[in-house]
Amino acid sequence: MDLKNYSTGVQHIGIPTNDIDKTVDFYHKLGFETAFETVNEEADEKVVFLKLGTLVVEAYENHAAVFRAGAIDHVALDVKDIEEIYQYINQAGLNTTQDSIHFLQFWKNGVKFFTIEGPNKEKVEFSQYL
């Protein structure tokens, strides 16, 4: 399988924050617009997706943000078929976190995603808008 055939590129970059309002204000001043905001009920976190052109930043308030370089939490790849990608990742032995596919009622119809960890402890999320 060639991931290029199943992904359309970066969907968003996830940044945890201790102060969602301060973070949103900062990105608004840079020219980003709020594309979507919600609450992740499962994690009890406020979530705001901020968009500038094709770049989307997911800011989520979890009160555990680290204030140092490397604070970006994850890069999410936009995929066309989450189940097929999940099967491929598992067969290739890349599901280092043993994560399963999750569903959140984000955007219009929800989103399905799972996350793996790279060799440098970076998180790579595979995400499909429904």
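In this predicted model, a salt bridge joins the side chains of D25 and K29, with N and O 3.3 Å apart. Both residues belong to helix α1, which covers residues 20–29, and they sit 4 residues apart, or about one turn of the helix. The two partners can also be placed by their accessibility. D25 has a relative accessibility of 38% and therefore counts as partly exposed, while K29, at 67%, counts as exposed.

A further salt bridge pairs K112 with E83, and here the closest N and O atoms are 3.2 Å apart. This pair links distant parts of the chain: K112 lies in strand β7 (residues 111–117) and E83 in helix α2 (residues 82–91), 29 residues apart. K112 has a relative accessibility of 26%, so this lysine counts as partly exposed. E83 counts as partly exposed too, because its value is 39% and the exposed class begins over 50%. The count of salt bridges in the model comes to 2. As a general point, side chains of opposite charge can pair when their charged atoms come close.

Strand β7 also holds F113. The relative accessible area of F113 is 16%, and this residue is buried because the limit for that class is under 20%. Beyond its neighbours within four places in sequence, F113 is in contact with I82, S100, I101, H102, L104, E125, F126 and S127. One of these contacts, I82, is 31 residues away in sequence, yet the C-alpha atoms of F113 and I82 are 7.0 Å apart in space.

F113 appears again at the largest pocket, where it is among the residues nearest the centre, together with Y60, D73, H74 and E125. This pocket has a volume of about 620 Å³ and a lining of 33 residues. Several strands take part in that lining: β1 (7–17), β3 (45–52), β4 (55–61), β6 (102–104), β7 and β8 (123–129) each supply at least two residues. The largest share, 4 residues, comes from β8. Sorted by class, the lining has 17 nonpolar, 9 polar and 7 charged residues.

The second largest pocket has a volume of about 290 Å³. Its lining is made up of 14 residues, and I15, P16, T17, T23 and F67 lie nearest the centre. Two elements, β1 and α1, give two or more residues to this lining. Helix α1, the element that carries the D25 and K29 salt bridge, gives the most, with 4 residues. By class, the lining of the second largest pocket has 9 nonpolar, 3 polar and 2 charged residues.

The view can now widen to the whole chain. The protein contains 2 helices and 8 strands, and from the N terminus on these elements follow the order β-α-β-β-β-β-α-β-β-β. Along the principal axes, the C-alpha trace spans about 40 × 30 × 25 Å. The radius of gyration is 15 Å, which agrees with the value near 14 Å for a compact globule of 130 residues. Of the 130 residues, 38% count as buried, and F113 is one of the buried residues. Among contacts between residues at least 6 apart in sequence, 53% join residues at least 24 apart.

Note on methods. Residues are numbered from 1 along each chain as its sequence is written. This is a predicted model: local features need pLDDT of at least 70, side-chain atom pairs count only at pLDDT 80 or more; totals for chains, interfaces and linings use all residues. Side-chain values use heavy atoms; hydrogens and water are left out. A salt bridge is a side-chain nitrogen of Lys or Arg within 4 Å of a carboxyl oxygen of Asp or Glu. Buried means under 20% relative accessible area, exposed over 50%, partly exposed in between (1.4 Å probe, protein chains only). On a 1 Å grid over the protein atoms alone, a cavity is a set of points where a 1.4 Å probe fits but cannot get out, and a pocket is an open set with protein on both sides within 12 Å along at least five of seven lines; lining residues have an atom within 4 Å of a point. Grid points are joined across faces, edges and corners, and a volume is the space filled by probe spheres set on the points. Ala, Val, Leu, Ile, Met, Phe, Trp, Tyr, Cys and Pro count as nonpolar, Asp, Glu, Lys and Arg as charged, and the others, Gly among them, as polar. Contact means heavy atoms within 4.5 Å. The radius of gyration is taken over C-alpha atoms; the globule rule is 2.2 Å times the number of residues to the power 0.38.
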